[in-house]
Amino acid sequence: MRALVTGGTGFVGSHLIDALLARGDAVTALVRSPAKAADLPARGVRLVLGDLHDRAALVQAAADQEVVYHVAGLTGALDEAEFMAANRDGTANLVAATAAQSPGARFVLVSSMAAGGPSRPGLPRSALQAPAPVTMYGRSKLAGEEAVRGSSLPWVILRPPTIYGPRDRDNLIAVFKIARLGIAPVFGSGAMELSAIYVTDLAEAIVAAGMGGTVVGGTFYTNHPEIVTSGQLVRLIGETAGRRVRILPVPSWIARGTLAVTGGLASLFRQRTILRLDKANEFYQEAWTGDPTPFMERTDWRAAHDLATGLPLTYRWYRDAGWL
């Protein structure tokens, strides 16, 4: 298969490229930084330099593709307008280029659970429920989904939850670091229910979305069926690192005050950050869980790693790479 990948130098995108190359696919990567992509040409990946607002680069990258995997996205921004410019308008630009250059190509959007919004305890969210994002980021990812749904392309949308595993610099690595101290803060009481996905499992799910025959036109949650509370997750990470962790609940007023300060300083100095006040709208929900059953029923995909398997693999990779 001829496949285009955006975000190929990032956490998820790099694992997706690994999976595609292992299949023998011909991979093109749209990249902004040649330095970050320096190893890819030697592995057989064709590079196109540019971003999601570079029309010439998009036309070149999208030409003669059979499947487009749109993984790139902005997670920290100056404001909602910047989120929308990247996650809505950038997606729309790629959709338009694909429709013009490869109108039969399947378009797989890697969105986020944030686009659907939080769930309720014991009731994982389904894509059939009306979306209810609670942050600027979530709204921008939902807007990107809508740009895809309105296209003439055969499309599939995936909504992964918390993603962890080797090469992750943004999600659970901070928890791994602090858990070694034997004490770790959690938002609220630690009872928030969570879904998670090991990164190589997600990469295989993305590939399945590009190849499977009964997923076109669908939006799917892609996570391990296991549900864990935030407190349990922190304790499991501590156990993985050989430490018994004491949970330190963080009240909402403290977190909101801190986020107001960090977000305000970031705005003052025009710095991008995920640590803005509206992020508390995610941190203090009862649950962020998704139902992967529809995707599992329509494909052969199954998440191979539960937390008991995936966390030790992640810890060992961090340790061996010197990231801890």
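Look at strand E6 to get started: both of its faces are covered, with Trp155, Ile157 and Arg159 buried on one side and Val156 and Leu158 buried on the other. With 5 of its 5 residues buried, E6 is largely enclosed by the rest of the structure. Keep in mind that this is a predicted model. From E6 we can work outwards to the sheet it belongs to, then to the helices, a second sheet and a few residues in loops.

**The seven-stranded sheet**

- E6 is part of an open sheet of 7 strands, and the pairing in this sheet is parallel.
- If you walk across the sheet, the order is E3-E2-E1-E4-E5-E6-E11.
- Which strands stand at the edges? They are strand E3 (46-49) and strand E11 (218-221).
- Each of these two has a single partner strand, so one side of each is left without a neighbour in the sheet.
- The sheet isn't flat: going from one strand to the next, the twist averages 20°.
- As background, strands of a sheet pair through backbone hydrogen bonds, and they can do so either parallel or antiparallel.

**Who pairs with whom**

- Strand E1 (residues 2-6) is joined to strand E4 (residues 67-70) by 4 bridges, in the parallel sense. Here Val5 has Tyr69 in E4 as its bridge partner.
- On to the next pair: E4 and E5 are parallel and share 4 bridges. Try finding His70, which stands opposite Leu109 in E5.
- E5 and E6 also pair in the parallel sense, over 4 bridges. In this pair, Val110 stands opposite Leu158 in E6.
- E6 in turn runs parallel to E11, with 4 bridges joining the two. Val156 finds its bridge partner in Gly218 of E11.

**Helices packed on the sheet**

- Helix H1 (residues 11-23) packs on the sheet, where it touches E1, strand E2 (26-31) and E4. The direction of H1 makes about 170° with that of E1.
- Helix H5 (residues 136-149) packs on the sheet too, touching strand E5 (106-110), strand E6 (155-159) and E11. For H5, the angle to the direction of E6 is about 165°.

**Buried strands and a buried valine**

- In a regular strand, side chains alternate between the two faces of the sheet.
- How many residues of E5 are buried? The count is 5 of its 5 residues, which makes E5 mostly covered.
- Take the two faces of E5 one at a time: Arg106, Val108 and Val110 are on one side, Phe107 and Leu109 are on the other, and all are buried.
- Val68 sits in strand E4. Is it buried or exposed? Val68 is buried, because its relative accessible area is 0%, and the cut-off for buried is under 20%.
- What does Val68 touch? Leaving out residues up to four places away in sequence, its contacts are Leu4, Leu94, Thr98, Arg106, Phe107 and Val108.
- Val68 and Arg2 are a nice example of folding up a chain: they are 66 residues apart in sequence, yet their C-alpha atoms are 8.7 Å apart in space.

**The three-stranded sheet**

- There is also an open sheet of 3 strands, with the order E12-E9-E14 and mixed pairing.
- Strand E12 (228-229) and strand E14 (287-288) are the edge strands here, and each pairs on one side only.
- Strand E9 (residues 193-194) and E14 run parallel, joined by 2 bridges. Leu194 has Trp288 in E14 as its bridge partner.

**Loops and surface**

- Asp64 has a positive phi of about 60°, although it is not a glycine. You'll find Asp64 in the loop between helix H2 (55-62) and E4.
- Arg167 isn't a glycine either, and its phi is positive, at about 80°. This residue is in the loop between strand E7 (162-164) and H6.
- Arg167 is partly exposed, with a relative accessible area of 31%.
- Which residues make the nonpolar surface patch? Leu181, Ile183 and Leu248 form it, and its area is about 270 Å².
- Leu181 belongs to the loop between helix H6 (173-179) and strand E8 (183-187). It counts as exposed because its relative accessible area is 62%, and exposed means over 50%.

How values were computed: Residues numbered from 1 in each chain as written. Predicted model: local features only at pLDDT ≥ 70, side-chain atom pairs only at ≥ 80, totals over all residues. Heavy atoms only, no water. Patch = residues over 30% accessible without salt bridge, like charges linked within 9 Å, V, L, I, M, F, W, Y side chains within 5 Å. Areas by Shrake-Rupley, 256 points an atom, 1.4 Å probe, with all protein chains shown as cover. Salt bridge = Lys/Arg side-chain N within 4 Å of Asp/Glu carboxyl O. Buried < 20%, exposed > 50% of the residue type's maximum accessible area, 1.4 Å probe, protein only. Pairing = 2+ DSSP bridges. Axes fitted to C-alpha atoms, helices over the stretch in contact; angles between N-to-C directions. Contact = heavy atoms within 4.5 Å.
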